[in-house]
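Got the viewer open and a hand on the mouse? Let's take a walk through this model, one selection at a time.

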Amino acid sequence: MQRIAIFASGTGTNAERIMAHFRGHPHIGVSLVLSNKKHAPVLQKAADANVESLTFGRDEFYSGHSVNDALEEKQIDLIVLAGFMWLIPASLIHAYRDRIINIHPALLPKFGGKGMYGMHVHRAVRQAAETETGITIHLVNEEYDKGRILFQARCGIDAEDTPDTIAKKVHRLEYAHFAEQIERFLT
Ligand code: GRF
């Protein structure tokens, strides 16, 4: 059995789909959802899917042991970042070298780096008058959005698209590919 932990800070619609994708899977399962936000909607989604969850504060994440202990206790093989907003500490990157996957809502290396998250990305894409955008699924290393790219998918941007409509198109790509690419990575 390969066990996944999902880190998410917000709504968790990607996390929800990943949990659903692996429900009943013979070799892969989601064992834990972790969040830096006590009231993140993703926590209810985890409860609905019967997946245990854990929340933590900044000090605990960067100097404490509870996150590492929980990952060890659950024998986690792969960490998936699905809308997780904090930089992963070096200790966790070392412990899970090449076993942390992130999804970024643009075509890296464009529109990545610190501050490039959520609607900031889609606004920047619109402002740059790009004709396409997409998703990047990549490994996580010590720098924001710089790890090895595993997969990209694209969508066109029309003249009438707004940051909101771009976000919708990108979310559709995320839902279509993220869980499948995680499965591919693990098999
Ligand atoms: C997604 O667009 C993801 O690419 C980004 O954060 C968003 C999370 O959305 N990193 P949700 O919480 O999965 O709905």
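On this tour, two residues are in contact when they have heavy atoms within 4.5 Å of each other. One more thing before we set off: the model is predicted.

**Stop 1: the whole chain**

Show everything as a cartoon. You'll be looking at seven helices and seven strands. Follow the chain from its start and the pattern reads β-α-β-α-β-α-α-β-α-β-α-β-β-α.

Now zoom out for the overall dimensions. Along the principal axes, the C-alpha atoms fill a box of roughly 50 × 35 × 30 Å. A compact globule of 187 residues would have a radius of gyration near 16 Å, and this protein agrees, with 16 Å.

Switch on the surface if you like. The accessible surface is about 9,500 Å², and carbon and sulfur atoms make up 49% of it. As for the inside, 48% of the 187 residues count as buried. Looking at contacts with a separation of 6 or more, 68% are between residues 24 or more positions apart.

Try colouring by charge, too. There are 21 positive and 22 negative charges, and their mean positions lie 3 Å apart.

**Stop 2: Ser-31 and its surroundings**

Select Ser-31, which sits in strand E2 (residues 28-35). Is Ser-31 buried or exposed? It's buried, with a relative accessible area of 18%, and the cut-off for that word is under 20%.

What is Ser-31 in contact with, once neighbours within four places in sequence are left aside? Show Arg-3, Ile-4, Val-51, Glu-52, Lys-74 and Ile-76, and you have the list. Keep Glu-52 and Lys-74 on screen, as this pair is also the next stop.

**Stop 3: the salt bridges**

Side chains of opposite charge can pair when their charged atoms come close. How many salt bridges does a search of the whole structure find? Six, and we'll visit some of them.

Begin with the pair you kept: the side chains of Lys-74 and Glu-52 meet in a salt bridge, 2.8 Å from N to O. Lys-74 is in the loop between helix H4 (66-73) and strand E4 (78-81), while Glu-52 is in strand E3 (residues 52-55), so the bridge ties together parts 22 residues apart in sequence. Glu-52 is partly exposed, at 49% relative accessible area.

Next, select Arg-154 and Glu-132. They form a salt bridge too, and their closest N and O atoms are 2.7 Å apart. This one runs from strand to strand: Arg-154 belongs to E7 (residues 149-156) and Glu-132 to E6 (residues 132-139), so parts 22 residues apart in sequence are tied together. Both partners are partly exposed, Arg-154 at 48% and Glu-132 at 32%.

Then move to Lys-169 and Asp-158, a salt bridge whose closest N and O atoms are 3.5 Å apart. Lys-169 is in helix H7 (residues 163-186) and Asp-158 in the loop between E7 and H7, so the tie here joins parts eleven residues apart in sequence. Compare their surroundings: Lys-169 counts as buried at 18% relative accessibility, whereas Asp-158 is partly exposed at 39%.

Don't hide those two yet. Add Asp-161, and you'll see a network of salt bridges linking Asp-158, Asp-161 and Lys-169.

**Stop 4: backbone oddities**

Most residues other than glycine have a negative phi, and most peptide bonds are trans. The last few selections go the other way.

Start with the peptide bond between Leu-108 and Pro-109. It is cis, with omega about 10°. Pro-109 lies in the loop between strand E5 (100-104) and helix H6 (118-127).

Stay in the loop between E5 and H6 and pick out Phe-111. Its phi is near 55°, a positive value in a residue that isn't glycine. Phe-111 is buried, with a relative accessible area of 18%.

Finish at Ala-129, in the loop between H6 and E6. Ala-129 isn't a glycine, yet its phi is positive as well, at about 55°. Is Ala-129 buried or exposed? With a relative accessible area of 54%, Ala-129 is exposed.

Methods: Residues numbered from 1 in each chain as written. Predicted model: local features only at pLDDT ≥ 70, side-chain atom pairs only at ≥ 80, totals over all residues. Heavy atoms only, no water. Salt bridge = Lys/Arg side-chain N within 4 Å of Asp/Glu carboxyl O. Helix = DSSP H or I, 4+ residues; strand = E, 2+ residues; numbered from the N terminus. Buried < 20%, exposed > 50% of the residue type's maximum accessible area, 1.4 Å probe, protein only. Rg over C-alpha atoms; globule rule 2.2 N^0.38 Å. Areas by Shrake-Rupley, 256 points an atom, 1.4 Å probe, with all protein chains shown as cover. Lys, Arg positive; Asp, Glu negative; His and termini not counted. Charge placed at Lys NZ, Arg CZ, Asp CG, Glu CD.
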